[in-house]
Amino acid sequence: MIVDVDKQLPWKELVLAFSFAVFGWQTYLNLRQHFKLKNETTIPAKVHSAFEPEKLSEEEFTKARLYSLDKSGYTLVSSLYSQIQTVLVFAYDFLPWAWAFAGSLSAKAGFGPDAEIVQSVIFVGIITLISTVVDMPFSLYYTFVLEERHGFNKQTLSLYFMDTIKSLALTAVIGSPVLAGIIWIIKWAGPSFYFYVWLFVFVFQLFFMTIYPTVIQPMFNKFDTLPDGELKTKIDALAASVKFPLTKVFVVDGSKRSAHSNAYFVGLFKNKRIVLFDTLINHSTTDEIIAVLAHELGHWQYNHLMTRLVVVQAHLFTLFYLFSLVMTEDSLYHAFGFDTKPVMIGLMLFQFVYLPVESLIGFFMNIMSRTHEFEADQYAKKKGYAPLLKSALIKLQVSNRSNLNPDKLYSIWHYSHPPLVERLAAIIKTE
């Protein structure tokens, strides 16, 4: 199939228009959230009602509101900063310059003009390094000012920069071969490359999901085996009661970087592991932790991970197929200042063109995720953990100072988890 694209189509202007449309919509939602947080200074009745018989103090509500308000203000400024970057990148043809610079570095290293894969890897490295430096002031502010102000940051500057260096190194070591593989497959497979590229990416994702908890994560955090005791015994009993293939339970030193709490499962097939943040153990009772894990088991029982994996793969396959329809269009490359058609540049430009659709897909993925969260809550309730799950969720939300009453439209668009009030109301409704 060949797409007949008008050679005069103003690609750059369209991309900028798409970018401003998405930015405008996001800003509208952010402002709704911001002003709701600013003006709602007392606990709403529905929050009081959802918390019963637990009591939420005015101090706890105010701390959560002010933390969310600060994050909302940060989002408004940082998103504007990102939009300005986007405009400048296109206005001053930064991408053609970076591609040419990558070519000159490739030539200095002894590679010829046909070494597109080498030039592409260098190009992505340049973009990644510049983006890291340009965005670092906001990242530093968020960690060492905003999070510090509200008592969450536990990082030191040395740890922050060490994490940054490790992340860049891992991106180079892992990302470079993957990028090289994608480009090689596209050039080798011809017009039907989309199937082979999707298959390559899918296999890599499975591989990465396997090595991430055992190889990547330990580079950043310390994982200790949960010692024998009441908590370990109850976790083993819960897993055995539903035939969950649990192999190990770890405690991660989340407090090394943040005071936020969490718990999750990792691993594929018959090799499941549970990871508990040390902050969760410190803030919750044993039975509350078991209730949280019962919720997580609901995701496993209902095959939510597999459902999400299938949806993501269908999305990726569609993306690669659509890219195959436009990747040879001269007008797309010429509009952004390129006189050749490198695969890497085509992929990047296609992402810009596809931005509004991607934004909508993210919205529908959040709807699916929120549905899964409600289902997992109901699973925990069916197992008899409703009161403990309610107590645990309240503690998690209060200790993390999550927004307890977000703007409805903002939460529908952005939240992958239902707001706490909705989750508690759903549990109470079915009790």
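**Cavities and strand pairing in the predicted model**

The largest cavity is lined by Lys36, Leu37, Glu40, Phe61, Ala64, Arg65, Ser402, Asn403, Leu404 and Asn405. Two elements each give two or more residues to this lining: helix 1 (11-39) and helix 3 (58-91). Helix 3 supplies the largest share, three residues. By class, the lining holds four nonpolar, three polar and three charged residues. The charged members are Lys36, Glu40 and Arg65. The nonpolar members are Leu37, Phe61, Ala64 and Leu404. Ser402, Asn403 and Asn405 make up the polar class.

The structure is a predicted model. Rolling a probe the size of a water molecule over the atoms shows where empty space is left. With a 1.4 Å probe, three cavities of 30 Å³ or more were counted. The largest cavity has a volume of about 70 Å³.

Strand pairing was examined next. Strand 2 (residues 246-252) pairs with strand 1 (residues 223-225) through three bridges. These two strands run antiparallel. Within this pairing, Phe223 has Val252 of strand 2 as its bridge partner.

Strand 2 is also joined to strand 4 (residues 272-277), here by six bridges. Strands 2 and 4 run parallel. Leu246 is bridged to Lys272 in strand 4. Strand 2 thus takes part in an antiparallel pairing with strand 1 and a parallel pairing with strand 4.

Note on methods:
Residues numbered from 1 in each chain as written. Predicted model: local features only at pLDDT ≥ 70, side-chain atom pairs only at ≥ 80, totals over all residues. Heavy atoms only, no water. 1 Å grid on protein atoms, 1.4 Å probe; cavity = no way out; pocket = protein on both sides within 12 Å on 5 of 7 lines; lining within 4 Å. Points joined across faces, edges and corners; volume = space filled by probe spheres on them. Helix = DSSP H or I, 4+ residues; strand = E, 2+ residues; numbered from the N terminus. Pairing = 2+ DSSP bridges.
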